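The following report describes a protein chain, beginning with one strand and its neighbours and then moving outward to helices and single residues. Please keep the sequence and the model at hand while reading.

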Amino acid sequence: MDMEFLSGKPLYITDTILRDAHQSQAATRMRLEDMLPACEVLDSIGYWSLECWGGATFDACMRFLKEDPWERLRQLRKALPNTKLQMLFRGQNILGYKHYADDVVDAFCARSIENGIDIIRIFDALNDVRNLEQAIRSTKKYGGMVEATLSYTISPIHDEAYFVKLAKELEQMGADVICIKDMANLLLPMDAYSLVKRLKETVAVPIHLHTHNTTGTGDMVYLMAAMAGVDIVDTALSPLANGTSQPATESLVATLQGTVRDTGLDLGKMSEAAAHFRKVAQRLKDEGSLDPKVLNVDTNTLLYQVPGGMLSNLISQLKQAGKEEQYYEVLAEIPRVREDFGYPPLVTPSSQIVGTQAVMNVITGERYKAFPKESKAMLRGEYGRLPGVVNEEVRAKAGIAPEDVITCRPADLLEPELPRYREEYKDLAKCDEDVLSLALFPQVAPQFLRERDGCCQVRETAEHTSLSAVRELYVEYGC
């Protein structure tokens with residue numbers, strides 16, 4: 001093995017403590033009030049970026065935490081003036097669970113960058129590059145950095161050559177950085193070395209590696225990738241690291257100290273930030289958001305290929321159904337469903353679609369007795385081109401004939417949607433950000449915005465009227 005490690009370039013770090021760490025371990029339940037007290041020290045550490053927005057945070061903010069996700073971003077931007085802020089963006093799905101028209105994608109990129117995002121990591125669950133085109137164009141148009149993504153997985157069709165070819169295509173589309181998104185910790189250390197080395201020989205842009213520690217190999221993956229010349233890696237501060245989250249930041253920083261890939265980051269400052277987040281992690285455990293299962297190493301993940309965020313949501317689904325004892329049955333069913341569906345990588349939204357179908361197959365006691373609408377949409381091609389061959393018997397059970405399968409870029413079938421959304425929500429939306437929240441989450445955002453605006457009314461009333469009037473509004477809006 002030749003030591004690319006000796007290239008002498010520092011390894012850059014993106015810390016996920018404000019987004020993927022708590023999404024993977026605690027179903028995205030960290031609040032803004034948990035984040036802000038640590039921002040001053042986080043901002044002083046010298047990270048390449050902080051991942052703080054996108055993914056499931058947008059939905060969770062409104063649905064569970066009663067926070068405005070746009071206001072969260074603005075507050076974090078103000079509190080982190082010296083650090084690039086990064087988000088995760090699901091291509092044509094944006095942050096939702098279906099395809100949106102190009103004008104909505106464009107507006108969301110514009111508002112995200114305007115409100116404080118510097119880097120947009122853009123991925124497609126199926127690695128269908130057609131679903132990345134608009135988001136890449138729009139991010140560059142509004143001055144953001146495009147981190148185009150390889151959704152890493154293992155299957156009969158997903159080999160190293162597949163990902164190298166995909167990376168070259170993304171570079172030609174305008175990527176500023178290429179990310180290897182190993183959402184289920186399936187990329188093993190020696191394979192990481194080989195893939196990163198091939199990518200560094202093939203593309204000129206930086207390579208950013210994202211993994212988890214679900215199978216217990218994450219630290220070794222990062223060390224071997226560092227030896228192969230990877231430019232940036234994702235880690236999480238130790239209180240919410242490891243298990244289904246990312247490897248611990250402090251451990252990697254300490255490992256590389258004194259080497260030519262020394263990160264140059266200050267462990268003392270990290271210790272200060274970690275002391276704060278240990279209290280946050282304890283509260284999440286006490287509330288029941290952080291299930292001990294997600295902290296365990298499970299090498300069976302190499303068979304199930306289930307990413308961290310999907311695991312915590314899967315546990316939640318089974319709890320709600322009173323079927324926790326069938327956890328491992330569902331895990332065993334997931335790869336079978338995945339094969340039937342044409343080997344989609346398991347990342348949002350395909351992870352939720354395949355996972356939910358597996359849950360239904362197990363708890364109903366009959367495979368494909370029922371199909372959620374999202375499963376039918378995926379089998380019909382509404383999410384894009386499935387990488388492999390679909391089981392036509394399963395597709396037929398879903399009521400989809402071969403001639404009904406979409407073969408073009410799905411968004412080409414969508415008319416512009418933003419004018420309709422603006423008109424539909426004109427009495428509820430106060431700004432374009434509200435329109436986008438309503439467009440992405442029409443079942444959740446209306447009630448959230450009514451409560452948000454009601455709470456604003458309570459605060460304004462409190463300054464000008466009697467206590468009894470304030471109490472009446474407080475009861476009405478529950479704020």
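Strand S7, residues 207-210, is covered on both faces, with Ile207 and Leu209 buried on one side and His208 and His210 buried on the other. Here buried means under 20% relative accessible area, exposed means over 50%, and partly exposed lies in between, for a 1.4 Å probe and protein chains only. Strands (E, at least two residues) and helices (H or I, at least four) are DSSP runs that are numbered from the N terminus. The model is predicted, so that local features need pLDDT of at least 70 and side-chain atom pairs count only at pLDDT 80 or more, while totals for chains, interfaces and linings use all residues. Residues are numbered from 1 along each chain as its sequence is written, and side-chain values use heavy atoms, with hydrogens and water left out.

**The strands around S7**

S7 runs parallel to strand S6, residues 177-181, and four bridges join the two; two strands are said to pair if DSSP finds at least two bridges between them. Lys181 has His210 in S7 as its bridge partner. Together with helix H9, residues 189-202, S6 and S7 form a right-handed β-α-β unit, where right-handed means that, with the strands pointing away from the viewer, the path from the first strand over the helix to the second runs clockwise. Strand S8, residues 232-235, is also parallel to S7 and is joined to S7 by two bridges, with Leu209 standing opposite Val233 in S8. The chain passes from S7 through helix H10, residues 218-228, to S8 in a right-handed β-α-β crossover.

**The barrel**

Which order do the eight strands of the barrel follow? They close in the order S1-S2-S3-S4-S5-S6-S7-S8, with parallel pairing, and neighbouring strands of this sheet are turned by 30° against each other on average, direction ignored. Strand S1, residues 12-15, pairs in the parallel sense with strand S2, residues 49-54, over two bridges, and Asp15 stands opposite Leu50 in S2.

**Helix packing**

Helix H8, residues 160-172, packs against H9 at an angle of about 35°, with the axes 10 Å apart; axes are lines fitted to C-alpha atoms, for helices over the stretch in contact, and angles run from 0 to 180 degrees between N-to-C directions. Contact means heavy atoms within 4.5 Å, and among the H8 residues that meet H9 are Phe163, Val164 and Lys168, while the H9 side includes Leu195, Arg198 and Leu199. Helix H5, residues 69-79, lies across S2 and strand S3 (85-89) and runs at about 165° to S2. Helix H6, residues 102-115, lies across S2, S3 and strand S4 (119-122) and runs at about 160° to S3.

**Single residues**

Two residues that are not glycines have a positive phi, as the table shows.

| Residue | Phi | Place |
|---|---|---|
| Lys66 | about 55° | loop between helix H4 (57-65) and H5 |
| Asn127 | about 60° | loop between S4 and helix H7 (133-141) |

Lys66 counts as partly exposed because its relative accessibility is 47%, whereas Asn127 is buried because its relative accessible area is 9%. Arg283, found in helix H12 (residues 267-287), is partly exposed because its relative accessibility is 22%. Not counting residues up to four places away in sequence, Arg283 touches Arg29, Arg31 and Asp34. The C-alpha atoms of Arg283 and Asp340 are separated by 41 Å, with the two positions 57 residues apart along the chain.
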